[in-house]
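Reader: Before we go through the side-chain interactions one by one, could you show me the sequence and the coordinates that we will be discussing?

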Amino acid sequence: MNFENFCTTTHGYLEFRFQRIKIPIQQIVMLQADCNYTYIYMKSGEKYLFARTIKFFEYMLKDYRFERIHKTYMINCAHIRNYDAKNQNLILSNNLKATISRRRKCQLRGQISCLN
């Protein structure tokens with residue numbers, strides 16, 4: 001994949017070359033996959049849609065505090081507010097909810113303190 005033609009990470013921003021959008025990485029709450037598209041949810045309530053897979057963004061954000069918790073969700077660990085054990089959901093900023101897969105829950109138990 002040629003990442004630099006579409007998006008780069010510089011100085012704490014995701015910079016999208018063709019859309020001329022700069023997204024502050026620390027303001028990203030969650031990424032949600034939808035087939036070959038990815039929704040990016042921001043702390044401000046904005047939502048962006050990009051025609052790239054979540055795996056693309058997983059690679060771009062590997063140096064930041066993001067965790068892939070499900071095949072559909074990737075979250076910013078700084079925005080975790082609570083854990084709903086009954087529904088296996090993480091509650092994030094802006095009351096967004098992300099489901100944790102069974103396998104990933106076991107892997108993340110030591111990394112995310114509220115899962116214990």
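Author: This is a predicted model, and a useful place to begin is a charged side chain beside a ring: K47 lies over the face of Y39, at 4.7 Å from the ring centre.

Reader: Which other lysine lies over the face of a tyrosine, and at what distance from the ring centre?

Author: The ring in this case belongs to Y13, and the side chain that lies over its face is that of K22. The distance from the ring centre, for K22, is 4.8 Å.

Reader: Returning to Y39, with which residue does it form an aromatic pair, and is that pair stacked or tilted?

Author: The ring of Y39 has Y41 as its partner, with 6.5 Å centre to centre and 35 degrees between the planes. Planes under 30 degrees apart would count as stacked and those over 60 as edge-to-face. At 35 degrees, the pair of Y39 and Y41 is therefore tilted.

Reader: Are the two members of that pair, Y39 and Y41, buried or partly exposed?

Author: The limit for a buried residue is a relative accessible area under 20%. Y39 has 21% and is therefore partly exposed, whereas Y41, with 14%, is buried.

Reader: How many aromatic pairs are there in the whole structure, and what is the geometry of the one formed by F16 and F50?

Author: A search of the whole structure gives six aromatic pairs. For F16 and F50 the planes are at 10 degrees to each other and the centres 4.1 Å apart. With that angle, the pair of F16 and F50 is stacked.

Reader: Why can one say that the pair of F16 and F50 ties together parts of the chain that are apart in sequence?

Author: F16 belongs to strand β2, while F50 belongs to strand β6. Both rings are buried, since F16 has a relative accessibility of 2% and F50 likewise has 2%. The pair ties the two parts together because their separation in sequence is 34 residues.

Reader: Which residues do ring pairs link into a cluster?

Author: The cluster contains F16 and F50, and ring pairs also bring in three further names. In full, the linked residues are F16, Y48, F50, F56 and F57.

Reader: How many residues does the largest nonpolar core have, and which element gives the most to it?

Author: The largest nonpolar core has 19 residues, and those with the most contacts inside it are L14, F16, I28, L31 and F57. At least two residues of this core come from each of β2 (13–16), β4 (28–34), β5 (37–42) and α1. The element that gives the most, with four residues, is α1.

Reader: What does F57 touch, leaving out residues up to four places away in sequence?

Author: Among the residues with the most contacts inside the largest core are L14, F16 and L31, and F57 touches each of these three. Its full set of contacts beyond four places in sequence is L14, F16, L31, T38, I40, F50, R52 and M74.

Reader: How many salt bridges are there, and which residues form a salt bridge at 2.7 Å?

Author: Side chains of opposite charge can pair when their charged atoms come close. The count is one salt bridge, and its closest N and O atoms are 2.7 Å apart. It links distant parts of the chain, strand β7 (residues 66–68) and helix α1, through residues ten apart in sequence. The residues that form it are R68 and E58.

Reader: Is each partner, R68 and E58, buried or partly exposed?

Author: The limit of 20% for buried residues applies again. R68, at 15%, is therefore buried, whereas E58, at 28%, is partly exposed.

Reader: How many disulfides does the structure hold, and are C35 and C77 buried or exposed?

Author: The structure holds zero disulfides. C35 has a relative accessibility of 70%, and C77 has 15%. By these values C35 is exposed and C77 is buried.

Reader: Which loop holds N95, a residue with a positive phi?

Author: Most residues other than glycine have a negative phi. N95 has a phi near 60 degrees, although N95 is a residue other than glycine, and N95 is exposed at 65% relative accessible area. The loop that holds N95 is the one between β10 and β11 (97–99).

How values were computed
Residues are numbered from 1 along each chain as its sequence is written. This is a predicted model: local features need pLDDT of at least 70, side-chain atom pairs count only at pLDDT 80 or more; totals for chains, interfaces and linings use all residues. Side-chain values use heavy atoms; hydrogens and water are left out. A salt bridge is a side-chain nitrogen of Lys or Arg within 4 Å of a carboxyl oxygen of Asp or Glu. Buried means under 20% relative accessible area, exposed over 50%, partly exposed in between (1.4 Å probe, protein chains only). A nonpolar core is a set of buried Ala, Val, Leu, Ile, Met, Phe, Trp, Tyr and Cys residues joined through side-chain atoms within 4.5 Å. Contact means heavy atoms within 4.5 Å. A charge sits over a ring if NZ of Lys or CZ of Arg is within 6 Å of the ring centre and within 35 degrees of the ring normal. A disulfide is a pair of cysteine sulfur atoms within 2.5 Å.
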